[in-house]
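Dear colleague,

I am passing on the structure we spoke about, and below it I have set out what turned up when I went through it. Please read the notes with the structure open beside them.

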Amino acid sequence: MPKLEVFLQTLISGLLLGGLYALIGLGMTLIMGVMKIINLAHGELMMVAMYIAYVLFTFFQMDPYLSVLVAAPVLFVLGIALQKFLINPVLKTDAIIPENQVILTVGIGMVLANLATIIFTSNYKSIPVDYATKAWYLSDIWKASPIELSLSVPWTVSFLIAIVITVCLWMFLAKTDLGKSIRATAQDNDAALLMGVNVGKMRVITFGLGSALVGAAGCLLIPIYYLYPDLGGQFTLIAFVITILGGLGSTIGAIIGGLILGIFESMTATYAGMGWAPVGRFVIFIAALIFIPGGIVSLLKRKRLGK
């Protein structure tokens, strides 16, 4: 394959991966923006949604993409329950360690992973959909195309659904009163309280919404990834890197950060080797901390102000 085709193929694969990464990062970013904590059980919540999709396919033959309609609401309710009955009481308690709520999310993640191991065992599982290995080619659409590029069907479908979910989230946050209240709480907690916003309620809803987003991402990933109880850890790390790269609490930053991370990992895997992709993740994380500690959103703000 010519070098240009390899580069374009890698770039497109990175964009598809980045779209899903952005959806994963959006959930953590929302929670971070409103509650000012990092949810280190984020990946385990995604793992729960993937097991829901697995059960729905195994017993009811429901397509994993349709299982989003079941898993996302279930994760929303689970997120609300975790916030209301576990995290909120800890937030109200004075402790020697001010980050005790973050430590709590680590414990929640461990409990979820161990419950999955007890119920489903630690064996690798997958959903054998017939389109898992199918691909479509650029020449199928453009017969005179000088470059032959192939795109995985599940990656493409997952990416398109992720775009739809992201657009719906943007419309919710920008156009609805509830969404505006969530944004106000994220921007200035005290000011939102003075304006009559029920900040406690916004925190509960936001944690549920963040859980639903990562649950939807899990259903989009299940046709592509093998499923096992310890899967969540790596995706918690990915979401954390995206949150830092994009800028704490910035949804726009999370989208851009997810796309950058996906492209960077794809390029690293192609030109340095598959084993170097996680290393590339750490490299971009460290580079973000050193050169843009405020994240991508800080660069956008600086540009907007003309600095």
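Leaving aside its neighbours within four places in sequence, which residues is Thr243 in contact with? Before I answer, please keep in mind that this is a predicted model. With neighbours within four places in sequence set aside, the contacts of Thr243 are Gly25, Met28, Thr29, Met32, Ile38 and Leu248. Thr243 itself sits in helix H10, which covers residues 232–246, and it counts as buried because its relative accessibility is 0%, where buried means under 20%. Its C-alpha atom is separated by 9.5 Å from that of Ile255, a residue 12 places away along the chain.

The interior comes next. The largest nonpolar core has 80 residues, and those with the most contacts inside it are Tyr21, Ile24, Leu220, Leu227 and Phe235. Helix H9 (residues 199–221) supplies the largest share of this core, namely 13 residues. For Tyr21, again leaving aside neighbours within four places in sequence, the contacts include Tyr225, Phe235, Ile238 and Ile242, and also Glu265 and Arg281.

Those last two residues deserve a paragraph of their own. The structure holds 1 salt bridge, and it is the side chains of Glu265 and Arg281 that meet in a salt bridge, at 2.6 Å from N to O. Glu265 belongs to helix H11 (residues 251–271) and Arg281 to helix H12 (residues 277–291), so the pair ties together parts that are 16 residues apart in sequence. Glu265 counts as buried, with a relative accessibility of 5%, and Arg281 is buried as well, with a relative accessible area of 9%. Helix H11 also contains Ser266, which counts as buried at 10% relative accessibility; beyond its neighbours within four places in sequence, Ser266 is in contact with Thr10, Ser13 and Gly14.

Helix H6 offers both a buried residue and a partly exposed one. Leu169 lies in this helix and counts as buried at 7% relative accessibility. Its contacts, with neighbours within four places in sequence left aside, are Leu26, Leu30, Leu209 and Leu213; the C-alpha atoms of Leu169 and Leu26 are separated by 9.5 Å, although the two residues are 143 residues apart along the chain. Met171 lies in H6 too, a helix that runs over residues 153–175, but Met171 counts as partly exposed, because its relative accessibility is 44% and the partly exposed class falls between 20% and 50%. Together with Leu160, Ile163, Val167 and Trp170, Met171 forms a nonpolar patch on the surface, and the accessible area of these residues together is about 480 Å².

Finally, there is helix H4, which has 21 residues (100–120) and reaches 30 Å from its first C-alpha to its last, close to the 30 Å expected at 1.5 Å a residue. Its buried residues include Asn100, Gln101, Val102, Thr105, Ile108 and Phe120, and the buried residues of H4 pack against helix H2 (42–60) and helix H3 (68–91). Just after H4, Thr121 takes a positive phi of about 65°.

With best wishes

Methods: Residues are numbered from 1 along each chain as its sequence is written. This is a predicted model: local features need pLDDT of at least 70, side-chain atom pairs count only at pLDDT 80 or more; totals for chains, interfaces and linings use all residues. Side-chain values use heavy atoms; hydrogens and water are left out. Patches are made of residues with over 30% relative accessible area and no salt bridge: like charges are joined within 9 Å, nonpolar side chains (Val, Leu, Ile, Met, Phe, Trp, Tyr) within 5 Å. Accessible areas come from the Shrake-Rupley method with a 1.4 Å probe; for residues, only the protein chains shown count as cover. A salt bridge is a side-chain nitrogen of Lys or Arg within 4 Å of a carboxyl oxygen of Asp or Glu. Helices (H or I, at least four residues) and strands (E, at least two) are DSSP runs, numbered from the N terminus. Buried means under 20% relative accessible area, exposed over 50%, partly exposed in between (1.4 Å probe, protein chains only). A nonpolar core is a set of buried Ala, Val, Leu, Ile, Met, Phe, Trp, Tyr and Cys residues joined through side-chain atoms within 4.5 Å. Contact means heavy atoms within 4.5 Å. The expected span of a helix is 1.5 Å times one less than its number of residues.
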